[in-house]
Amino acid sequence: MSRIWAGIDSGKGHHHGLALDADGKTLLSRRVANDKPELLKLIGDVLESADGRQVTWSIDMTGGEPALPLTLLIKHGQEVLYVPGRLVNRASDGYRGEGKTDARDAYVIADQARMRRDLRPIRPGDEAAIELKLLTGRRSDLVEDRTRSVNRLRGTLLGMFPALERALEVTNTGPLRLLTGYQSPAAIRRAGVTRLAKWLANRKVRNARALAEAAVEAAERQHTAVPGEKTIAKLVHTLAEEVMALNEQIAEMDKLIEGRFREHELADIVLSVPGIGAILGAEFLAAVGGGLGEFDSPDALAAFAGVAPAPRDSGKVSGNLHRPVTYHRRLQRVFYTSALVSVRCDPNSWKSRKRAEGKKRPL
């Protein structure tokens with residue numbers, strides 16, 4: 001059946017839609033606002049220009065900015081292919097001209113969909129998978145924010161009190177609670193072990209005595225106040241509270257994710273995979289769209305996740321394998337992390353079996 005190919009270069013406020021016929025001739029090219037009436041008009045005009053021919057749409061993103069046009073296309077029963085942005089950037093070098101415009105990018109997207117046969121269709125995920133994708137995405141943002149805050153806290157504390165920075169693990173609740181009340185060497189020395197331990201215990205910090213002793217020992221190593229110590233101490237206090245607040249938000253998000261994940265019909269099956277818990281299981285379901293129906297075999301899933309090597313043979317060289325370029329990076333992270341967890345915790349893992357045989361480190 002003859003068909004036409006429509007490409008959408010997505011943006012924040014506007015998208016650019018372009019349609020090609022089977023010979024690559026442009027039938028329609030238009031910039032439209034990211035607004036339902038204009039997007040519906042674009043879809044209608046493309047279908048009208050098709051004149052009864054089948055239309056295949058293509059887009060360079062699967063979420064975020066193009067969420068509305070994707071939803072409209074899927075609800076109108078349109079076939080949509082995903083053309084990765086990296087592929088579009090590389091393919092652009094093979095087209096005439098050096099300029100970069102939205103219209104040119106839309107043309108490349110549509111033309112790549114016209115010529116290639118290895119592009120994956122975008123299918124509507126179930127409601128649970130969409131919710132898990134949103135929740136796990138938010139959790140990733142919070143974890144990144146916490147990492148940045150912890151690094152700032154370490155750097156700031158290092159500039160004032162290096163011994164305490166070495167003595168504390170500032171990702172744990174106890175040291176963070178300590179830094180909300182005491183930051184400088186002089187303040188910790190004045191408090192002393194007994195008073196500091198009592199202060200920590202009143203705030204339900206575990207091993208308060210050991211933490212107090214470590215802090216006072218670090219304070220005894222430094223009797224010199226650095227310039228700007230008061231200001232640095234205030235910054236340490238603020239950053240410690242910021243990290244604690246992020247820890248609480250991540251803990252709350254974990255509860256939401258676990259609750260939603262366990263409601264999914266595939267939760268028990270996913271949890272049976274060694275090394276996968278509720279959070280990784282939620283990321284897995286979000287990555288595959290809530291089901292495995294679109295994967296014909298385990299090999300197809302492995303290729304999608306980037307854990308199946310791709311051949312790189314040439315001339316007399318054969319059997320040369322390398323990591324694939326196109327794959328789902330978040331899904332690959334799920335499998336990689338689950339492998340690390342299973343190596344440590346699963347009694348059936350190679351490392352656990354060697355430990356049972358009496359083997360010692362390193363393994």
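pLDDT is the predictor's confidence in each residue, on a scale from 0 to 100. The model described here is predicted. Its chain averages a pLDDT of 89. A score of at least 70 is reached by 98% of the residues. Among the elements of the chain, helix α10 has the highest mean pLDDT, at 96. The lowest mean, 72, belongs to helix α15, which covers residues 350–356.

The nonpolar interior was examined next. The largest nonpolar core holds 35 residues. Phe161, Leu164, Leu179, Ile188, Leu196 and Leu200 have the most contacts inside this core. Six helices each supply at least two of the core residues: α5 (127–158), α6 (162–167), α7 (173–181), α8 (185–202), α9 (208–220) and α10 (229–262). Another core, of 25 residues, lies apart from the largest one. Ala278, Leu285, Ala286 and Phe295 are among the residues of this other core.

Phe161 illustrates the packing in the largest core. Neighbours up to four places away in sequence are not counted here. Phe161 then touches Gln183, Ser184, Pro185 and Ile188. Its contacts also include Ala218, Ala219 and Gln222.

Thr180 sits in helix α7. Its relative accessible area is 15%, so Thr180 is buried, the limit being under 20%. Outside its neighbours within four places in sequence, Thr180 is in contact with Trp199. It also contacts His237, Ala240, Glu241 and Met244.

Pockets were then considered. The largest has a volume of about 1,800 Å³. It is lined by 49 residues. Closest to the centre of this pocket are Thr62, Tyr82, Ile122, Lys133 and His328. Several elements give two or more residues to the lining. They are α2 (67–75), α3 (85–92), β6 (120–121), α5, α12 (278–288), α13 (298–305) and α14 (329–345). By class, this lining has 23 nonpolar, 13 polar and 13 charged residues.

The second largest pocket has a volume of about 150 Å³. Its lining consists of Leu266, Ile269, Val270, Val273, Ile276, Phe284, Leu292, Leu301 and Phe335. These are nine nonpolar residues, with no polar and no charged residues in the lining.

Two further buried residues were inspected, one in a loop and one in a helix. Gln78 is found in the loop between α2 and β5 (79–82). With a relative accessible area of 16%, Gln78 falls under the 20% limit and therefore counts as buried. Residues up to four places away in sequence aside, Gln78 touches Leu47, Val55, Trp57 and Leu73. The C-alpha atom of Gln78 is separated by 43 Å from that of Asn247. These two residues are 169 residues apart along the chain.

Val108 belongs to helix α4 (residues 102–115). Its relative accessibility is 0%, so Val108 counts as buried. Leaving aside neighbours within four places in sequence, Val108 is in contact with Val88, Ala91, Ser92 and Tyr95. Val108 and Gly7 are 101 residues apart along the chain. Their C-alpha atoms are separated by 7.9 Å.

Exposed sites were also noted. Leu321 is in strand β8 (residues 321–322). Its relative accessible area is 53%, and exposed means over 50%, so Leu321 is exposed. Leu321 nevertheless touches Pro309, Ala310 and Pro311, not counting residues up to four places away in sequence. The C-alpha atoms of Leu321 and Ala308 are separated by 9.5 Å. Along the chain, Leu321 and Ala308 are 13 residues apart.

Backbone angles pick out two loop residues. Most residues other than glycine have a negative phi. Asp51 has a positive phi, near 55°. Asp51 lies in the loop between α1 (36–50) and β4 (54–59). At 68% relative accessibility, Asp51 counts as exposed. Lys204 has a positive phi too, near 60°. Its place is in the loop between α8 and α9. Lys204 counts as exposed, at 77% relative accessibility.

How values were computed
Residues are numbered from 1 along each chain as its sequence is written. This is a predicted model: local features need pLDDT of at least 70, side-chain atom pairs count only at pLDDT 80 or more; totals for chains, interfaces and linings use all residues. Side-chain values use heavy atoms; hydrogens and water are left out. A nonpolar core is a set of buried Ala, Val, Leu, Ile, Met, Phe, Trp, Tyr and Cys residues joined through side-chain atoms within 4.5 Å. Buried means under 20% relative accessible area, exposed over 50%, partly exposed in between (1.4 Å probe, protein chains only). Helices (H or I, at least four residues) and strands (E, at least two) are DSSP runs, numbered from the N terminus. Contact means heavy atoms within 4.5 Å. On a 1 Å grid over the protein atoms alone, a cavity is a set of points where a 1.4 Å probe fits but cannot get out, and a pocket is an open set with protein on both sides within 12 Å along at least five of seven lines; lining residues have an atom within 4 Å of a point. Grid points are joined across faces, edges and corners, and a volume is the space filled by probe spheres set on the points. Ala, Val, Leu, Ile, Met, Phe, Trp, Tyr, Cys and Pro count as nonpolar, Asp, Glu, Lys and Arg as charged, and the others, Gly among them, as polar.
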